[in-house]
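I opened the notebook to log what I looked up in this structure. The entries follow the order in which I checked things.

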Amino acid sequence: RLYILAVLLLLLLSGCSGAEQPGSTAANHSANPLAGRVVPSFSAIDLDGQVVTEQVFREHTLTMINIWGTFCQPCIREMPDLERLQRKYDNSGIKILGVVVDKNVEAARRIVSQTGAAYQNIIPDRSLENSVCRAFDYVPVSIFVDRNGKILGELVSGSNNLEGYSKVIDRLLQPESNAEAD
């Protein structure tokens with residue numbers, strides 16, 4: 001029993017940190033299992049109680065979906081950089097959208113307040129949970145969605161920093177990347 005408990009604990013801990021590389025300035029790449037799919041209709045609630053649907057993508061050139069959990073320290077540590085990222089690209093049509101995979105609203109509100117992460121965070125509904133969140137068995141993970149709701153091939157597995165995320169976004173904003181996304 002102790003052995004099984006130890007293995008489960010190890011899996012839980014490694015599942016959270018996944019491919020984390022603290023201080024990494026380049027994206028941690030793996031194959032994005034959702035690339036090319038369109039995010040289906042969803043109706044989620046943000047931490048302020050507002051309804052958020054797939055229409056959120058139409059309002060932005062590019063949306064970075066950051067899937068995180070309140071139990072995950074690497075997720076929490078990268079949140080100040082994600083807020084700086086949102087501010088950096090505020091006037092560029094870029095949106096950072098956090099998805100709280102464990103749906104712990106109170107803990108998420110506390111963490112967002114403590115980290116100063118003012119970008120929008122949502123609690124996924126069943127559709128978003130089944131179509132996006134369950135494609136990954138670790139957090140944090142970030143995927144990128146175009147204004148049509150199409151999931152791009154880029155994937156950042158594990159935590160990153162402002163410089164690393166900026167490089168990914170700048171690359172995705174290049175005209176040749178946009179041509180591939182259409």
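**Entry 1: a pair inside H2**

I started with Arg84 and Asp81, which both sit in helix H2, three residues apart, or about one turn of the helix. The model is a predicted one. I looked for a salt bridge between Arg84 and Asp81 and found it, with the closest N and O atoms 2.5 Å apart. Are the two ends buried or exposed? Arg84 is partly exposed, at a relative accessible area of 37%. Asp81 is buried, at 16%, because the cut-off for buried is under 20%.

**Entry 2: the rest of H2**

I then checked the length of H2, which covers residues 73–88. Its 16 residues should span 22 Å at 1.5 Å a residue. I get 24 Å between the end C-alpha atoms, which agrees. Where does H2 kink? The kink lies at Met79, shortly before the proline Pro80, and comes to about 40°. Met79 is also on my list of buried residues in H2. Others on that list include Pro74, Cys75, Ile76, Leu82 and Leu85. The list has charged residues too, among them Glu78, Asp81 and Glu83.

**Entry 3: the whole chain**

I stepped back to count elements. The chain has six helices and seven strands. Along the sequence I read the pattern α-β-β-β-α-β-α-β-α-β-β-α-α. The chain has 182 residues, and 49% of them count as buried. How many salt bridges does a search of the whole structure find? I noted seven.

**Entry 4: Glu129 and Lys103**

Next I took up another of the salt bridges. The side chains of Glu129 and Lys103 meet at 2.8 Å, N to O. Glu129 belongs to helix H4 (residues 126–131), and Lys103 to the loop between strand S4 (94–100) and helix H3 (105–115), so the pair ties together parts 26 residues apart in sequence. Glu129 counts as buried, at 16% relative accessibility. Lys103 is partly exposed, at 35%. I also asked which residues join them in a network of salt bridges. Arg134 is linked in with Lys103 and Glu129.

**Entry 5: Glu154 and Arg171**

I turned to Glu154, which forms a salt bridge with Arg171. The closest N and O atoms are 3.1 Å apart. This pair links distant parts of the chain, 17 residues apart: Glu154 is in strand S7 (residues 151–157) and Arg171 in helix H5 (residues 162–173). Glu154 is buried at 13% relative accessibility. Arg171 is partly exposed at 38%.

**Entry 6: S7 and its partner**

I stayed with S7. Six of its seven residues are buried, so S7 is largely enclosed by the rest of the structure. Which way do S6 and S7 pair? They pair in the antiparallel sense, over four bridges. I noted one partnership: Ser142 is bridged to Val156 in S7. S6 and S7 form a hairpin with four residues between them. Gly149, in the turn, has a positive phi of about 85°.

**Entry 7: Asp146**

Asp146 caught my eye in strand S6, which runs over residues 141–146. Asp146 is buried, yet I found no salt bridge for it. The nearest side chain of opposite charge is Lys150, 5.7 Å away. That distance fails because a salt bridge needs the two atoms within 4 Å. What does the side chain of Asp146 reach instead? I found the backbone nitrogen of Lys150, at 2.9 Å.

**Entry 8: S1 and its neighbours**

I closed with strand S1 (residues 43–46). Its covered face holds Ala44 and Asp46, and its uncovered face Ser43 and Ile45. S1 pairs with strand S2 (residues 51–53) in the antiparallel sense, over three bridges. In S2, Thr53 is the bridge partner of Ser43. The hairpin of S1 and S2 has four residues between the strands, and Gly49 there takes a positive phi near 90°. S1 also pairs with strand S5 (residues 120–123), again in the antiparallel sense, over two bridges. In S5, Ile122 is the bridge partner of Asp46.

Notes. Residues numbered from 1 in each chain as written. Predicted model: local features only at pLDDT ≥ 70, side-chain atom pairs only at ≥ 80, totals over all residues. Heavy atoms only, no water. Buried < 20%, exposed > 50% of the residue type's maximum accessible area, 1.4 Å probe, protein only. Polar contact = N/O pair within 3.5 Å; in protein donor to acceptor, adjacent residues only side chain to side chain. Pairing = 2+ DSSP bridges. Expected span 1.5 Å × (residues − 1). Bend = angle between axes of the 7 residues up to and from the residue.
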